[in-house]
Structures are given as structure tokens and as C-alpha cells.
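Q: I am new to this structure. Please take a close look at the pairing of charged side chains, and explain plainly where the partners sit.

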Amino acid sequence: MTPVELSRTLLHAVRRAVDDGELAVAVPERVVVGPPGPGGCGDYASNLALQLARPAGRTPRDVADVLRPYLLRTAGITDVVVTGPGFLNFSLDAAAPGALVDEVLRRGPRYGHAGGEGGPVVRLSCPREIRALVVMDSVARLLRAQGTRVRVGCEDAPPKEWIDVLGIDADTAPRTAEDPAVPVARNPVPAPSPQAVLTLGRDAGRWAMLHPAPHDRPRLTGGEHLVQRESNPLFRVRYAHARTRALLRNAADLGFGPEADRDATPTATPTATPLLTTLADHPRVLAAAARDHAPDRLARHLVGVADGVLPLLPGVLPLGEEKPSAAHRARLAVAAAAGTVLAGGLSLLGIDAPDHL
């Protein structure tokens with residue numbers, strides 16, 4: 001169960017409690033879940049009970065106690081613990097690695113996306129500054145991936161060269177008081193030189209703007225974002241993706257493909273556990289990056305995926321006279337899933353993921 005699915009489960013539990021007369025509240029439009037805080041436990045936690053307590057006219061713990069039985073009857077949730085003033089803490093079934101890999105391969109680059117679009121249009125706006133435009137463009141992509149309708153605009157029309165080189169989608173019409181927008185990407189550090197960014201080109205230029213945290217100044221000198229070596233995080237991410245695609249081609253030449261066998265995957269790839277954990281966390285990272293307007297979190301997450309998959313790749317294909325086995329198919333499936341996450345994540349950052357590098 002992903003964080004997005006858990007959020008929907010919480011909303012469904014509230015609806016059932018209201019229909020059964022257990023609670024008298026308006027069902028909220030959304031519920032935020034995240035890692036447990038201090039004193040929490042399990043896999044995820046939510047402050048939903050605290051959110052509903054006042055409109056329900058009850059204490060948060062009372063609301064949590066009402067919701068707990070509904071949640072425990074949900075497949076995938078093994079335990080619900082109420083901590084503190086009324087935080088709900090969830091322990092989930094540990095999904096079999098094969099099931100996780102199956103889901104990634106089935107959904108492809110849309111793994112971690114939320115379905116459908118609804119609600120009012122969110123209007124984003126940023127200053128006429130090159131890093132702000134790149135960040136706003138990526139935030140818009142992330143929000144759309146989470147099912148939010150988005151429009152973007154710059155406070156002053158940016159140069160056409162910025163839009164063309166960096167692939168920015170920006171409405172050049174300034175916003176008015178009658179058409180308010182959510183400000184994004186007002187970075188606390190000095191704006192980088194537009195020419196230095198444009199010299200890097202679209203992919204490296206966008207990465208240079210998105211990978212650092214907002215309070216960190218992008219490094220644009222020395223060509224570090226263009227060199228094809230391990231010290232360049234963008235190169236590691238794109239190289240890892242290209243390697244997974246090459247393995248799929250090579251495996252096809254040998255007559256086999258990826259197969260996330262539910263028995264073979266854990267035993268055939270024991271060192272893949274950290275990578276599988278990172279892949280399972282991808283939907284939560286996307287939701288958090290969209291919610292907090294923080295594409296840098298996704299960029300660093302992709303570096304973690306790349307660093308997790310690269311050590312596994314030498315053991316994917318059979319060696320010498322060795323015949324392809326279920327273990328090889330399972331390893332290939334894990335590698336393919338990692339490549340899929342890398343491609344989908346880079347797309348949300350507006351960066352190309354070439355199959356050959």
C-alpha cells in the first residue's frame with residue numbers, strides 16, 4: 001500500500017464512520033500521511049483524528065478510536081496504534097519484492113502517480129528569474145502527476161531563449177489581483193547567471209537548478225554537470241537508466257526477459273533489499289515533492305535509486321555457458337523496475353532519459 005492509497009483508505013474510513021453514525025463531520029478532501037514523528041511507530045502516521053476532533057465535538061483520541069476498527073478491516077493494514085494526543089500510526093503488510101516489481105513494471109513511468117484530475121485549478125507564479133522558472137516548471141509537472149490541475153505564469157515575461165533552451169512551460173501573461181497565484185521558487189540565495197545556465201543546455205541546466213536544496217547556491221562552473229564520470233550525480237542517474245535498458249536488450253538477445261517471480265526475487269537478489277525499499281518509497285517521495293514544492297527531493301531520490309541499482313547490474317546476465325534461470329529473470333526485473341523509476345522521475349524534472357549513453 002502506497003501513501004497515496006493509504007490516504008484514500010483513511011478518507012474511505014471517515015465516510016464509513018459518518019454513514020454509520022459514528023462521526024458527525026464533513027469528510028475532508030485530502031489526508032496527509034507521512035513517516036511517524038517522535039514517539040510514533042509503524043510505517044506511516046497521520047494527524048487525521050486531530051484534524052477532525054473540533055468539527056466532531058470530540059477529543060482526538062475519541063476520533064482515532066472510532067476510526068481504528070474501520071482501518072483494521074482494510075487489507076494491507078496489519079496494525080493501527082494511537083499515540084500522543086491522537087496520532088494514527090499504521091503498520092502495513094510488507095509487500096513481497098516480486099509484487100512491488102510487478103507493480104512498477106505494470107505502471108511504467110507513471111508508477112507513483114495519482115489517478116485523475118480534480119478540484120480547482122492551482123495557479124503557480126514565480127519571479128522573472130531563471131532558477132525560479134525551472135523550479136516552477138518542475139513543481140507543475142509534479143502536481144499534475146498527483147492529479148492536480150495546474151496553470152503556471154511568470155510575474156514578468158521571461159526571455160524566449162530561456163523557455164526554448166530549458167523547455168519551460170510558462171504563460172507569459174502577468175497575473176492580476178482578480179487572478180491570484182501561489183508563489184513558488186522564491187529562493188533565498190542570489191539568482192544564478194542565466195548565460196551560465198543556458199550554456200549547460202536543457203538537461204544539465206535543469207539538473208543544476210533542481211538538484212541543490214533551495215537554500216544552496218547552484219554550482220555552475222567547471223563543467224561538473226557535463227562530465228561523464230561517477231562524481232557527476234546526473235551522469236550516474238542517466239548512466240544507471242541506460243545500463244538497465246542495455247541489459248533488457250542483451251537479455252532479449254539471449255532469449256529471456258524480466259520476470260518478477262515472487263519466490264525467486266528475494267532469494268536471487270538478497271543485496272537488492274535497500275534498492276527495493278527505495279523503489280517502494282517512490283510514490284511517497286513524489287507526493288511530498290509535489291506537496292512541498294520541492295523537486296530537489298525527487299532529484300536526490302533518483303541519485304539514491306541509481307546508486308542502489310548500479311552494484312546489482314553485473315550479476316543480471318548469465319555468464320559463460322550458464323543458462324538463464326528464474327534468478328536471472330528476477331534480477332533483470334529488479335533492474336528494469338529501477339530503470340523505469342529513473343526514467344519517470346527524470347521526466348518529471350523535465351530531463352531526458354536516453355536509452356543509450
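A: Arg291 is a convenient place to begin: its relative accessible area is 38%, so it counts as partly exposed. The model is a predicted one. The partner of Arg291 is Asp292, and the salt bridge between them has its closest N and O atoms 3.2 Å apart. Asp292 is also partly exposed, because its relative accessible area is 34%. Elsewhere, salt bridges with shared partners tie Asp137, Arg141 and Arg206 into one network.

Two members of that network, Arg141 and Asp137, form a salt bridge in which the closest N and O atoms are 2.9 Å apart. Both residues belong to helix H5, which covers residues 130-145, and they are four residues apart, so about one helical turn separates them. The surroundings of the two residues can be compared through their accessibility. Arg141 has a relative accessible area of 23%, so it is partly exposed. Asp137 has a relative accessibility of 3% and therefore counts as buried, since the limit for buried is under 20%.

A further salt bridge joins Asp203 and Arg238, with 3.1 Å between the closest N and O atoms. This pair links distant parts of the chain, as Asp203 lies in helix H7 (residues 194-210) and Arg238 in helix H8, 35 residues apart. Asp203 is buried, because its relative accessibility is 18%. Arg238 is buried as well, because its relative accessibility is 15%. In total, the structure has 12 salt bridges. As a general point, side chains of opposite charge can pair when their charged atoms come close.

Helix H8 runs over residues 233-253 and also holds Arg236. Arg236 has a relative accessible area of 15%, so it too is buried. The side chain of Arg236 makes a polar contact of 2.9 Å with the side chain of Asp307. Apart from neighbours within four places in sequence, the residues in contact with Arg236 are Glu230, Ser231, Val303, Ala306, Asp307 and Leu310.

The cysteines give another case in which distance decides the matter. The structure has zero disulfides. Cys154 takes part in none, as its nearest cysteine sulfur belongs to Cys126 and is 4.6 Å away. A disulfide would need the two sulfur atoms within 2.5 Å, so a separation of 4.6 Å does not qualify. Cys154 has a relative accessible area of 0% and is therefore buried. Cys41, at 29% relative accessibility, counts as partly exposed.

These details belong to a protein of 357 residues, of which 50% count as buried. Its secondary structure is made up of 13 helices and seven strands. Among contacts with a separation of 6 or more, 72% come from residues 24 or more positions apart. The protein exposes about 16,200 Å², and 51% of that area is supplied by carbon and sulfur atoms.

Terms used. Residues are numbered from 1 along each chain as its sequence is written. This is a predicted model: local features need pLDDT of at least 70, side-chain atom pairs count only at pLDDT 80 or more; totals for chains, interfaces and linings use all residues. Side-chain values use heavy atoms; hydrogens and water are left out. Helices (H or I, at least four residues) and strands (E, at least two) are DSSP runs, numbered from the N terminus. Buried means under 20% relative accessible area, exposed over 50%, partly exposed in between (1.4 Å probe, protein chains only). A polar contact is a pair of N or O atoms within 3.5 Å; within protein, one must be able to donate a hydrogen and the other to accept it, and residues adjacent in sequence count only if both atoms are side-chain atoms. Contact means heavy atoms within 4.5 Å. Accessible areas come from the Shrake-Rupley method with a 1.4 Å probe; for residues, only the protein chains shown count as cover. A salt bridge is a side-chain nitrogen of Lys or Arg within 4 Å of a carboxyl oxygen of Asp or Glu.
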